[in-house]
Amino acid sequence: MIVSKTVDSIKATDLMTTDFFVCKENFSLFLAIDKVMRKKVHSIVVVDDNGSIKDIISTTDLLKVIFLEQYDVHTMRVGEIMKKDRDILYIDKDTGLVEILRIMKSNSISTLIVADNKLRPVGIVHIKDVLKIIEQILS
């Protein structure tokens, strides 16, 4: 049980969810938005043909495309909104809670991809997962 663990012993594997949405660059943006809404997930993990991480697209990114940039999401592909000029942050399943919080804070992000040694996504850690575990520890 997580509650019996100390903050120092909590790892990404204790926090991550394995129920997340993964697609390739050529996936329909409209269908991706639909999946995000139906699955109630916070992001889309974009992978290449080998299943390795290429990008993560947040719900905030999707809202910007829909409302601010006013693109036709019905004809667009996920790859068209990817941020191609940045490094993708990811962690491994043994990354500790304190390091996860440090990475999130220093990069102003709320979601981290948990990846295996071939950079394939195996889970997602969202700030809500972190807060939930901290609440359990403090109660």
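The radius of gyration used here is taken over C-alpha atoms, and the yardstick for a globule is 2.2 Å times the number of residues to the power 0.38. For the 139 residues of this chain, that rule puts a compact globule near 14 Å, and the 16 Å found for the chain agrees with it. The model is a predicted one. Its C-alpha trace spans about 50 × 30 × 25 Å along the principal axes.

As for what the chain is built from, there are five helices and six strands. Read from the N terminus, they come in the order α-β-α-β-β-α-β-α-β-β-α. Of the contacts with a separation of 6 or more, 58% join residues 24 or more positions apart. Buried residues make up 38% of the 139. The accessible surface comes to about 8,500 Å², with 53% of that belonging to carbon and sulfur atoms. Charges are split into 20 positive and 20 negative, and the mean positions of the two sets lie 3 Å apart.

Helix 4 is worth a closer look. It covers residues 97–107, and Leu97, Ile100, Ile103 and Met104 are buried in it. Looking down the helix axis, these buried residues fall within an arc of 125 degrees, so they line one face of helix 4. The general background is simple: an α-helix has 3.6 residues a turn, so residues three or four places apart point the same way. On the face turned away from the buried side, helix 4 carries the exposed residues Val98 and Lys105.

What do the buried residues of helix 4 pack against? Their partners are helix 1 (12–15) and helix 5 (127–138), along with strand 4 (90–91), strand 5 (111–115) and strand 6 (121–126). Just after helix 4 comes Ser108, with a positive phi near 50 degrees.

Backbone angles of that kind turn up elsewhere too. Most residues other than glycine have a negative phi. Lys40, which is not a glycine, nevertheless has a positive phi of about 55 degrees. Lys40 sits in the loop between helix 2 (29–39) and strand 2 (43–47). With a relative accessible area of 70%, Lys40 is exposed, given that the cut-off for that label is over 50%.

Leu119 is another non-glycine residue with a positive phi, here about 60 degrees. Its place is the loop between strand 5 and strand 6. Leu119 has a relative accessibility of 32%, so it counts as partly exposed.

Notes
Residues numbered from 1 in each chain as written. Predicted model: local features only at pLDDT ≥ 70, side-chain atom pairs only at ≥ 80, totals over all residues. Heavy atoms only, no water. Helix = DSSP H or I, 4+ residues; strand = E, 2+ residues; numbered from the N terminus. Buried < 20%, exposed > 50% of the residue type's maximum accessible area, 1.4 Å probe, protein only. Contact = heavy atoms within 4.5 Å. Areas by Shrake-Rupley, 256 points an atom, 1.4 Å probe, with all protein chains shown as cover. Lys, Arg positive; Asp, Glu negative; His and termini not counted. Charge placed at Lys NZ, Arg CZ, Asp CG, Glu CD. Arc of directions from axis to C-beta.
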